[in-house]
Amino acid sequence: MKLRKGSFLVLIFSMFMSVVYCPGMSKTKSRKIALNKKKVSLRNKQKYSLKLKGVKSRKVKWSSSDKKVATVKKGVVNAKKVGKCVVTAKYAKKKYKCIINVVKSKGNDTKPQTQTKDVDYTANPSQTPAPPVNEPAVVPNPSDRNDFNFSASEVSMEAQHISGENALLLKISNKSDTDISADEYFMLEFYEGGQWISVDFKDSAWFVDILLVIKKGTDYTQRIDLGKYFTSMRVGKYRISKQIGAANYGIIRTEFIVN
């Protein structure tokens, strides 16, 4: 079959365009969609704002697996009673889940921990820096501990705010006769109006999912960059909580002052 010169050029141009352009190709990069938290601990009647990053909030549908434990509306979780539930954010036929753990007002609730590979991050006692001494740390009241099988003299925590650096020096002392474990996650509260109010983490905050092992008779010191987790720190009294475990899990707390 013979083609005229004009038809031949049109055919070549059409073939060229079919190679260069594909309707399925996109220049936009795929967005990373994820919840700002995968696990949240709250006290009864406390609230926490969940966000599905990378999407428009109005297109997200929120639900709770147990509305008696916690409800959720537009991402705001409202703790109702002690227990556990799962809050789900649904977007574009995909589901993103966050475990909500509601504990009693005085911390008398335990929560099982899904343990990953144990990593020994025990600090060498001789190399562990002592907390600054300009403001004495407060040892947690035993009434703030749940059915944890250790007394305050065996396992304790101290916290000291480092002025001018927006950082916190946290020290966990294990004077018991057994190894204990802790994860990196912590909860921060601010004392205002006669009650403790949960301090929300900023959207970019994240934690490494590892298990810290604190050997018996040693201390573990952690320097927490507060600017990494919180937008700002108000002047006043704070309380930090961490989950500690051995045969069972318990919550220990201590207070510190930001001037």
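Student: In strand 15, which residue is the bridge partner of E192?

Tutor: Strands of a sheet pair through backbone hydrogen bonds, either parallel or antiparallel. Here the partner of E192 is Q195 in strand 15. This is a predicted model, where local features need pLDDT of at least 70, side-chain atom pairs count only at pLDDT 80 or more, and totals for chains, interfaces and linings use all residues. Residues are numbered from 1 along each chain as its sequence is written, and side-chain values use heavy atoms, with hydrogens and water left out.

Student: How many bridges do strand 14 and strand 15 have, and in which sense do they pair?

Tutor: Two strands pair if DSSP finds at least two bridges between them. The strands themselves are DSSP runs of E with at least two residues, numbered from the N terminus. Strand 14 and strand 15 share four bridges and are antiparallel. Look at their hairpin too: two residues sit between the strands, and G193 there has a positive phi near 60°.

Student: Along strand 15, which side chains are buried?

Tutor: Buried means under 20% relative accessible area, exposed means over 50%, and partly exposed is in between, using a 1.4 Å probe and protein chains only. In strand 15 the side chains take turns: W196 and S198 are buried and point to one face, while Q195 and I197 point to the other and are not buried. You can see the pattern again in strand 5 (residues 61-64), where W62 and S64 are the buried ones on one face and K61 and S63 face the other way, not buried. Strand 5 also pairs with strand 8 (residues 83-91), antiparallel and over four bridges. Within that pairing, S63 has T88 in strand 8 as its bridge partner.

Student: What is the strand order in the open sheets?

Tutor: There's one with three antiparallel strands, in the order 3-7-6. Strand 3 (47-49) and strand 6 (70-73) are at the edges with a single partner strand each, so one side of each has no neighbour in the sheet. Strand 3 is joined to strand 7 (residues 76-79) by three bridges, and K47 sits opposite N78 of strand 7.

Another three-stranded open sheet, also antiparallel, goes 11-12-17. Its edge strands, strand 11 (155-162) and strand 17 (218-225), each pair on one side only. Eight bridges join strand 11 to strand 12 (residues 167-174), and M157 is matched with I172 in strand 12.

Student: Where does K215 lie, and is it buried or partly exposed?

Tutor: Go to the loop between strand 16 (211-214) and strand 17, and you'll find K215. Its relative accessibility is 34%, so K215 counts as partly exposed. Also find S181: it is 34 residues from K215 in sequence, yet their C-alpha atoms are 8.5 Å apart in space.

Student: Now the empty spaces. What lines the second largest cavity?

Tutor: On a 1 Å grid over the protein atoms alone, a cavity is a set of points where a 1.4 Å probe fits but cannot get out; a pocket is an open set with protein on both sides within 12 Å along at least five of seven lines; lining residues have an atom within 4 Å of a point. Grid points are joined across faces, edges and corners, and a volume is the space filled by probe spheres set on the points.

There are two cavities of 30 Å³ or more, and the second largest has a volume of about 40 Å³. V40, Y48, Y185 and F201 are among the residues lining this second largest cavity. Strand 2 (39-43) gives the largest share of that lining, three residues, and strand 14 (187-192) supplies at least two. The lining has eight nonpolar residues (Ala, Val, Leu, Ile, Met, Phe, Trp, Tyr, Cys and Pro count as nonpolar, Asp, Glu, Lys and Arg as charged, and the others, Gly among them, as polar). Two of the lining residues are polar and none is charged.

Student: And which residues are closest to the centre of the second largest pocket?

Tutor: That pocket holds about 210 Å³ of space. Closest to its centre, out of ten lining residues, are R43, N44, Q46, Q195 and W196. Strand 15 (residues 195-198) is back here, giving four residues, the largest share of the pocket's lining. By class, five of the lining residues are polar, three charged and two nonpolar.

Student: How many disulfides does the structure hold?

Tutor: A disulfide is a pair of cysteine sulfur atoms within 2.5 Å, and the structure has zero. Take C85: its closest cysteine sulfur, in C98, is 8.8 Å away, so that's too far for a bond. C85 is buried at 4% relative accessible area, and C98 is buried at 0%.
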